[in-house]
Amino acid sequence: MADARQQQPPVIRLADYTPPAFLVDHVDLRFELGEDSTLVHSRLTGRANPERVQSEDLVLDGRELTLEELVLDGHPLSKAAYTLGEESLTIPDPGETFTLEITTRIRPQENTALEGLYKSSGNFCTQCEPEGFRRITYFPDRSDVMATYTTTIVADAERYPVLLSNGNRVAGGTLTDGRHWVRWEDPFPKPSYLFALVAGDLACVADSFTTMSGREVALRIYVEHGNADKVDHAMQALKEAMAWDERAYGRECDLDIYQIVAVADFNMGAMENKGLNIFNTSAVLAKTETATDADFQRIEAIIGHEYFHNWSGNRVTLRDWFQLSLKEGFTVFREQHFSGERYSEAVQRIEDVRRLRSAQFPEDDGPTAHPVRPDSYIEISNFYTPTVYEKGAEVIRMMWHLLGPEGFRRGSDLYFERHDGQAVTTEDFVRAMEAATDADLAQFRLWYTQAGTPRLHCSGEWDGEAGSYTLRVRQEVPATPGQPDKAPMHLPFAVGLLDAEGNDLPLQMAGEETEGGGETTRVLEVRDDEQAFTFTGLDAEPVPSLLRGFSAPVRVQFDYTDGDLAFLLAHDSDLFNRWEAGQELAQRALFGCVAAHREGRAMELDAGLEAAFGTLLRAPAEDRALVAEALTLPEEGYLADLAEPPVDPSAIHAARAFTRRRLAEVLAAEFETGYHANLAEGAYRVTAEAIARRRLKNACLAYRVASGDDTSRSMALEQFQAADNMTDQLGGLRPLVAEGHPEAEQALADFYEQWQSDPEVVDKWFAIQATSPEWGSLERVRELMSHPAFNFRNPNKVRALLGAFARGNPARFHDPSGEAYAFFADQVLAMDPINPQMAAAMARAFSRFGRYAEPHYSGMRDQLERIRA
Ligand code: B3K
Ligand code: ZN
């Protein structure tokens with residue numbers, strides 16, 4: 001017992017925050033990159049923090065480093081003059097100012113965790129957020145220690161012709177031993193987590209951007225040779241993002257040169273290192289033949305996201321890791337806004353909410369629920385969660401709703417002005433918003449500290465005599481681990497009212513003197529446990545449209561009839577709510593089938609859903625983006641989250657598969673027409689209009705194939721073979737594989753043959769198989785793991801095969817035998833010593849076990865216990 005307790009890693013608490021005892025003003029680094037090991041010389045110019053209360057020892061963080069030499073103010077330190085701990089280096093109080101020179105040796109070649117300095121496809125690269133810098137050298141590795149950096153890189157000239165770090169290249173030269181060197185200087189003080197280094201043999205694509213004040217910024221994207229024809233889209237996106245941040249936030253790029261490097265082995269999408277972003281190849285490389293519409297959009301979003309961090313994260317950074325959402329929530333919000341403006345606000349919102357609901361809502365409801373600003377952690381790497389990112393973005397969006405776009409912009413201007421060059425907190429952000437407007441966000445701050453998704457129980461009351469409609473809202477914030485009692489939240493609740501023809505009614509609230517200006521959407525401010533809002537001047541009972549645009553991350557409950565939902569789906573002026581009504585209708589129909597299946601009754605297609613889909617398919621062409629979204633039935637995983645426990649995944653699978661197939665059969669003619677009506681017009685383009693057209697066409701095709709008839713299968717095969725772009729090629733292939741049609745086998749072989757030299761496309765090939773309930777059996781996944789293209793050390797491959805299987809193939813993953821659980825746990829255990837971050841991410845596939853029925857409950861629980869042990 002005592003031993004077990006000793007091994008428990010310490011809990012880090014926000015309440016224990018103290019400013020650093022020492023500051024570092026400048027870091028001078030010299031890397032000698034070698035084939036066996038790398039030598040890192042670091043020269044820190046530091047001083048005691050004037051805010052410190054008493055003299056203290058200097059404690060530096062370090063992990064898996066070999067210390068070679070330590071020199072303080074020009075004097076080598078003997079072993080007795082410092083203490084080397086497992087993860088720290090302590091030097092007795094070095095005085096008011098000091099110069100500390102540290103030489104460490106590291107082994108990037110053996111670094112499979114992909115944190116710190118490591119090798120990917122023969123190139124050196126780094127990932128320092130959150131705590132990777134301590135794997136490079138001893139340093140006060142915390143975000144409130146900000147320094148300027150000079151970085152000299154020495155390496156073999158032939159193997160590593162390109163040597164990059166943050167900032168501007170200031171010098172370089174060759175050595176007599178075949179090595180060369182380059183020196184970079186970053187003029188902006190930054191925390192160590194934003195440090196980056198890249199060395200390799202890379203192709204460079206160059207461009208430039210002229211900022212609003214007329215400064216020229218050089219833009220460079222580095223990729224492996226042979227990929228230079230796949231960066232146009234990323235480069236264009238970068239320029240769009242730069243212009244957007246000037247327009248939307250008044251933020252100009254502060255750099256002379258902005259560089260992006262694409263690497264094949266990367267734990268996530270990308271990293272915003274100051275002036276030298278490092279990207280997963282999957283978030284950069286694209287051309288029409290190899291990337292889908294979704295890929296093009298994802299690339300733009302990530303390019304935008306990392307660029308926006310240059311202000312929200314880099315110029316203004318975090319005081320400590322509890323504040324992670326300060327940069328991530330805000331930057332996700334900025335990214336969503338950017339993408340919405342580029343394409344379609346409504347479709348963007350639908351996709352963002354889908355993601356929030358499928359990833360964050362379950363987290364908020366489960367054992368790992370935590371606030372947007374957590375107050376304790378054991379391992380910060382595990383806190384890059386949907387709550388910090390996606391719910392964090394919702395919190396920012398709610399402020400935007402509450403303050404209005406102009407008020408919010410005044411607030412963000414003030415925030416950037418006040419805190420430029422500082423390491424700050426979410427509290428500083430909210431204060432700036434208050435100071436720039438007359439808003440009182442005291443209660444609103446609870447969004448940062450209270451976990452759990454609030455429920456809004458709503459009801460409407462019609463008073464015919466008075467011509468008024470009263471909307472009652474009861475708010476309930478569920479208990480979460482460690483937070484049994486919750487206070488009510490302050491949130492923007494956007495609503496509208498529809499008349500019998502489906503038109504928006506002008507909204508007039510009781511007690512208002514004037515006619516309200518004819519506004520048809522009002523943002524009500526919900527603050528109490530129970531509140532009532534009365535609308536007046538109405539002739540007949542309206543149908544309410546609630547939480548328009550999903551103005552707050554809550555669950556709304558209102559007793560709509562199926563007829564109301566069909567009506568909203570057909571008429572609501574708020575496109576998000578049209579989609580929402582359709583989803584609600586589909587959920588009801590699906591849960592009806594789930595119940596029938598469980599009770600051993602025959603499943604039946606819901607007549608209301610059939611009619612609604614029919615109406616959708618006959619909707620005018622300008623609605624096609626919405627129609628394409630609305631035809632997508634809620635995913636099985638999401639349905640499992642909505643279902644009352646104990647959840648039966650096979651019943652959910654059966655219900656969804658049945659409903660899809662029946663819709664495909666009864667509306668075969670409509671899907672056929674929809675397919676032909678949306679065939680491409682002209683060359684492939686990535687525009688909102690063209691994307692919607694392809695999406696609708698491919699949705700129709702997938703339904704056609706789901707009906708199982710022969711003509712539809714040849715339609716799919718033909719599209720697959722004739723396609724000149726990846727969206728359509730996959731649009732043909734996916735349904736054949738998903739339904740397990742015999743044509744799939746040859747088509748998959750042809751696809752691999754065609755694309756085997758393109759790793760990003762091979763990822764799609766893995767994923768398409770792993771997510772097919774018909775094709776992607778456990779045996780198949782096992783087989784694919786020994787396919788030569790699979791690589792257990794490459795996160796993209798692991799996500800494409802194993803991640804896709806666990807998340808995207810519930811029918812097979814939740815096989816009642818429990819074999820898939822055991823298999824997957826084996827993979828988690830095998831991954832842990834290689835890449836703990838990946839292993840932790842994979843293990844989350846089991847996190848919802850508590851909601852499942854037997855044998856799933858015990859099956860997953862046992863594997864989790866095995867992993868924990
Ligand atoms: N800030 C990085 C995430 C780093 C995660 C480290 N485990 C990417 C981003 O959010 O932009
Ligand atoms: Zn980010």
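This passage describes the domain layout, a zinc site, strand pairing and one helix in a predicted model.

The domain assignment divides the chain into domain 1 (1-111 + 146-193), domain 2 (317-449), domain 3 (455-559) and domain 4 (756-869). Domain 1 is thus assigned as two segments, 1-111 and 146-193. Taken over C-alpha atoms, the centres of domain 3 and domain 4 are separated by 43 Å.

The zinc ion (ligand 2) is coordinated through NE2 of His305, NE2 of His309 and OE of Glu328, at 1.9 to 2.1 Å. The spacing of these donor residues in sequence is H-x3-H-x18-E. Histidine 305 lies in helix α3 (residues 293-308) and glutamate 328 in helix α4 (residues 324-342), so that this pair, 23 residues apart, links distant parts of the chain. Both histidine 305 and glutamate 328 are buried.

An open sheet of eight strands follows the order β6-β5-β9-β3-β2-β12-β15-β14, and its pairing is mixed. Strands β6 (75-76) and β14 (168-174) form the edges, each pairing on one side only. Within the sheet, strand β3 (residues 38-48) runs antiparallel to strand β9 (residues 97-106), with 10 bridges between them. In this pairing, threonine 38 is placed opposite isoleucine 106 of β9.

Further antiparallel pairing involves strand β26. Strand β25 (residues 455-463) is joined to strand β26 (residues 468-476) by nine bridges, the two running antiparallel. Aspartate 463 faces serine 468 of β26 across this pair. The two strands, β25 and β26, make up a hairpin with four residues between them. Glycine 467, in the turn, has a positive phi of about 65°. Strand β26 also pairs with strand β29 (residues 530-535), in the antiparallel sense and over six bridges. Here arginine 472 stands opposite alanine 532, a residue of β29.

Helix α16 (residues 688-706) contains 19 residues, which at 1.5 Å a residue should span 27 Å. Its end C-alpha atoms are 27 Å apart, in agreement with that expectation. Of the 19 residues of α16, 16 are buried, and the helix is therefore largely enclosed by the rest of the structure. Glycine 708, just after α16, adopts a positive phi of about 85°.

Technical notes: Residues numbered from 1 in each chain as written. Chains lettered and ligands numbered in written order. Predicted model: local features only at pLDDT ≥ 70, side-chain atom pairs only at ≥ 80, totals over all residues. Heavy atoms only, no water. Donors = N, O, S within 2.8 Å, 3.2 Å for Na, K, Ca; no water. Buried < 20%, exposed > 50% of the residue type's maximum accessible area, 1.4 Å probe, protein only. Expected span 1.5 Å × (residues − 1). Domains from an automatic or database assignment. Pairing = 2+ DSSP bridges.
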